[in-house]
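Q: Got a minute to go through the ligand sites in this one with me?
A: Sure, let's put it up.
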Amino acid sequence: MQWGDEGKGRVVDSLAGEYDIVARFGGGDNAGHTLVVGDRKLALRIVPSGVLQPRTELFIGGGTVVSLEGVVAEFDKLAEIGVDLSRIRISDRAHVVLPFHPALDRANEAERGARALGTTGRGIGPAYTDKTVRSGITFGDLLRGAYEERLRARMRGLAGEGMPDLDAVLASIAHYLPRIAGHIVDGVGYIHGALENGRRVLIEGAQGTLLDVGYGTYPFVTSSHTIAGGACIGLGIGPTAIGAVVGVAKAYCTRVGAGPFPSELEDATGVRLRARGAEFGTVTGRPRRCGWFDAVAARYASRLNGLTSAVVTKLDVLSGFERLAIVTGYRVDGASVGFESAADPRLELELEWFEGWPDDLTGCRRIAGLPAPAARYVTALEASLGVPVQSVSVGPERSALATR
Ligand code: GDP
Ligand code: IMO
Ligand code: MG
């Protein structure tokens, strides 16, 4: 519901036990989804967050862009902790992040200079660009061996710092492909076969609504459609296949990378939020920018996704603040405006203040059992999201979840 890192991974992990398949539909290893189960902590980049449920199948859908080196490294890490890799499938429609894409990503950022987006440097933008201009290579192409000519044409004239040459790219494919070939499936056949057989599918978003390439804070966005509608495109299913849409919203806001962030706190309170919430990027280690919960952004995100319910995360982080604010309105020259004005330099914020709570919430398992000020705060978030909050997370560990 925000700029990523809301805790989608841990929410998916907690829901995944009731599903047969967990599917990723977009993005690549720009995502970092953290699961904590007991004393095990796992940061996933591309493999869906149902991986710690023993029987769930994991599907990397056609709308994703996947690095061969990255996915093999993740497979190795998962194999080490005993995950049965035969549960993982990659759609033949997914695009390959090739070894020159990260180099192009870095070069593009350098060229932007002061206007740099602060990308994760994983080559996501260049890989989606190649897909759209029809120069990309899919996993199906790899399997059929039908890619060398297109690759040669694509790489003609590519030069620059750290840019691999054609031979290096071919060698890298030859090296990694045998490790993943057995996981590549007819993605449309797989997902529709599952649905026709009544299997339950949980679709996992990556990034955040406000990073959507069409509806986020453009150009400070990622290169894919991150909103719920992107799930249809990214898996090749129709809108009627979607039964429910759960929005994951952090109890405050964070953003990593550049771009508009109206409720950002560049003062001691922001520093305190970052420290309390351990807000450092899973992928790049960068400190995340922190700020108050933004109800204007939440209403915008709720609309774009067609939510049926929501999960609020990291409420425990707010314990100990004497008072907390929620951004309830935006104004430009005195007139009330919406999220579309987020980048307006004249933007002024309306804040509503809430009483804080000193209590440690990490042991709380019922929403009804929250201290009164925390309950009032959650009710305010719920009103801005416009749908019932089904659970509230109160710690990183799987079981730290308060439900109705
Ligand atoms: P994602 O990208 O949306 O999956 O989120 P990330 O994993 O990148 O970032 C969320 C971070 O917050 C991770 O380090 C989680 O372990 C942690 N986290 C998740 N839920 C909670 C919570 O309820 N309380 C606290 N304190 N940490 C949480
Ligand atoms: P998860 O799934 C937070 C941000 C980057 C940058 C912008 C573009 O863990 O929530 P890109 O590398 O995608 O071209 O970078 O998008 N970004 C994320 N921020 N969480 C993510 O994923 C992100 N994925 C991309 O920081 O501002
Ligand atoms: Mg993340």
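What follows is a quick chat about the two ligand sites.

Q: Experimental or predicted?
A: This is a predicted model.

Q: OK, ligand 1. Which residues come nearest?
A: There are 18 residues around ligand 1, and Lys8, Gly32, Thr34, Asp316 and Ser393 come nearest.

Q: Which backbone atoms sit by oxygen atoms of ligand 1?
A: A polar backbone atom of glycine 9 is 2.8 Å from an oxygen of ligand 1, and a backbone N or O of glycine 32 is also 2.8 Å from an oxygen of the ligand. Valine 394 has a polar backbone atom 3.5 Å from a ligand 1 oxygen.

Q: And how much of ligand 1 is covered?
A: The protein covers 92% of the 580 Å² of accessible area that ligand 1 has on its own.

Q: Which element gives the most to that shell?
A: H1, with three residues. Helix H1 (8-16) and strand E2 (33-37) each supply at least two. By class, the shell around ligand 1 has three nonpolar, eight polar and seven charged residues.

Q: Switching to ligand 2: what are the side-chain contacts there?
A: Histidine 33 has a polar side-chain atom 2.7 Å from an oxygen of ligand 2, and threonine 120 has one at 2.6 Å from a ligand 2 oxygen. The protein covers 97% of the 550 Å² that ligand 2 has accessible on its own.

Q: What's the class mix around ligand 2?
A: Seven nonpolar, ten polar and three charged residues.

Q: Where does ligand 2 lie relative to the domains?
A: Domain 1 (8-241) and domain 2 (246-403) both give residues to the shell around ligand 2, so ligand 2 lies between them.

Notes:
Residues numbered from 1 in each chain as written. Chains lettered and ligands numbered in written order. Predicted model: local features only at pLDDT ≥ 70, side-chain atom pairs only at ≥ 80, totals over all residues. Heavy atoms only, no water. Near = heavy atom within 4 Å. Polar contact = N/O pair within 3.5 Å; in protein donor to acceptor, adjacent residues only side chain to side chain. Areas by Shrake-Rupley, 256 points an atom, 1.4 Å probe, with all protein chains shown as cover. Helix = DSSP H or I, 4+ residues; strand = E, 2+ residues; numbered from the N terminus. Nonpolar A, V, L, I, M, F, W, Y, C, P; charged D, E, K, R; others polar. Domains from an automatic or database assignment.
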